[in-house]
Amino acid sequence: MSLTLKEFNAFCASLPATTFVEQWGGAQVWKVGGKVFALAWFEMGHEPGITFKVSEIGWEVLKDAPGCRGAPYFASRGMKWIQSYARPGLSKAELKRYLKASHMLVAEGLPKRVRKEIKV
């Protein structure tokens with residue numbers, strides 16, 4: 001079972017130095033240092049599409065996992081982003097671990113000045 005809209009937003013908000021914006025036609029977009037680390041679409045009657053950045057190893061593990069795929073638009077540009085979009089997909093605990101890792105990956109890629117300003 002995937003995260004609900006409330007659970008997704010609450011978890012992302014609990015991570016350090018995050019900001020939220022709704023963009024791209026209703027996507028729930030979470031950023032750290034102005035850079036996206038997670039986004040999701042929640043449509044009534046459908047599993048949510050939850051998208052996040054992954055490491056090389058995460059990419060190899062998840063790109064062909066049931067209910068997961070390379071994230072549309074991101075993966076087509078050579079980026080290592082995964083979307084959990086259908087059952088069985090990832091469990092709530094797994095999603096939270098990957099969202100936390102995505103936050104860390106994106107934060108680590110920020111310029112040192114920005115990381116210092118936002119304290120990550």
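**Figure 1. Pairing of strands β2 and β3 in the predicted model, with Gln28 opposite Ala40.** In this predicted model, Gln28 stands opposite Ala40 of strand β3. The two strands, β2 and β3, run antiparallel and are joined by five bridges. They form a hairpin with two residues between them, and Gly33 in the turn has a positive phi of about 60°. Of the seven residues of β3, five are buried, so this strand is largely enclosed by the rest of the structure.

**Figure 2. The hairpin of strands β1 and β2.** Strand β1 covers residues 18-23 and strand β2 residues 27-32. Six bridges connect them in the antiparallel sense. One position in this pairing is Thr19, whose bridge partner in β2 is Lys31. Three residues lie between the strands of the hairpin, where Trp24 adopts a positive phi near 55°.

**Figure 3. Strands β3 and β4, and the stacked pair of Phe52 and Tyr98.** Four bridges pair β3 with β4 in the antiparallel sense. Within this pairing, Ala38 stands opposite Phe52 of β4. Phe52 is buried, with a relative accessible area of 0%. Its ring forms an aromatic pair with that of Tyr98; the centres are 5.6 Å apart and the planes meet at 25°, an arrangement classed as stacked. Phe52 belongs to strand β4 and Tyr98 to helix α3 (residues 92-108), so the pair ties together parts that are 46 residues apart in sequence. In contrast to the buried Phe52, Tyr98 is partly exposed, with a relative accessible area of 23%.

**Figure 4. The tilted pair of Phe8 and Phe42.** The structure holds three aromatic pairs. In the one shown here, the ring centres of Phe8 and Phe42 are 6.0 Å apart and the planes lie at 50°; the pair is therefore tilted, since stacked pairs require planes under 30 degrees apart and edge-to-face pairs over 60. The two residues come from distant parts of the chain, 34 residues apart. Phe8 is in helix α1 (residues 5-14), whereas Phe42 is in the loop between β3 (35-41) and β4 (49-53). Phe8 is buried, at a relative accessible area of 0%, while Phe42 is partly exposed at 27%.

**Figure 5. Surroundings of Tyr85, with Arg69 over the ring.** Tyr85 is located in the loop between β6 (81-84) and α3. With 32% relative accessibility, Tyr85 counts as partly exposed. Arg69 lies over the face of the Tyr85 ring, at 3.8 Å from the ring centre. Apart from its neighbours within four places in sequence, Tyr85 contacts Glu47, Pro48, Gly49, Gly67, Cys68 and Arg69. The C-alpha atoms of Tyr85 and Gly67 are 5.7 Å apart, although the two residues are separated by 18 residues in sequence.

**Figure 6. Gly49 and its contacts.** Gly49 is placed in strand β4 and is buried, at 10% relative accessibility. Its C-alpha atom lies 4.2 Å from that of Tyr85, a residue 36 positions apart from it in sequence. Residues up to four places away in sequence excluded, Gly49 touches Leu39, Ala40, Trp41, Gln83, Ser84 and Tyr85. Among these contacts is Ala40, the residue that Gln28 faces in the pairing of Figure 1.

**Figure 7. Ser84 at strand β6.** Ser84 is found in strand β6 and counts as buried at 5% relative accessibility. A polar atom of the Ser84 side chain lies 3.3 Å from the backbone nitrogen of Leu90. Not counting residues up to four places away in sequence, Ser84 touches Pro48, Gly49, Ile50, Gly67, Cys68, Gly89, Leu90 and Leu95. Of these, Pro48, Gly49, Gly67 and Cys68 are also in contact with Tyr85.

**Figure 8. The cysteines Cys12 and Cys68.** The model contains zero disulfides. Cys12 takes part in no disulfide, and the nearest cysteine sulfur, that of Cys68, is 16 Å away. For Cys68, likewise in no disulfide, the nearest cysteine sulfur is that of Cys12. Because a disulfide requires the sulfur atoms to lie within 2.5 Å, a separation of 16 Å does not qualify. Cys12 is buried, with a relative accessible area of 0%, and Cys68 is buried as well, with a value of 6%.

Note on methods:
Residues are numbered from 1 along each chain as its sequence is written. This is a predicted model: local features need pLDDT of at least 70, side-chain atom pairs count only at pLDDT 80 or more; totals for chains, interfaces and linings use all residues. Side-chain values use heavy atoms; hydrogens and water are left out. Rings of Phe, Tyr and Trp (its six-membered ring) pair if their centres lie within 6.5 Å; planes under 30 degrees apart count as stacked, over 60 as edge-to-face and the rest as tilted. Buried means under 20% relative accessible area, exposed over 50%, partly exposed in between (1.4 Å probe, protein chains only). A charge sits over a ring if NZ of Lys or CZ of Arg is within 6 Å of the ring centre and within 35 degrees of the ring normal. Two strands pair if DSSP finds at least two bridges between them. Contact means heavy atoms within 4.5 Å. A polar contact is a pair of N or O atoms within 3.5 Å; within protein, one must be able to donate a hydrogen and the other to accept it, and residues adjacent in sequence count only if both atoms are side-chain atoms.
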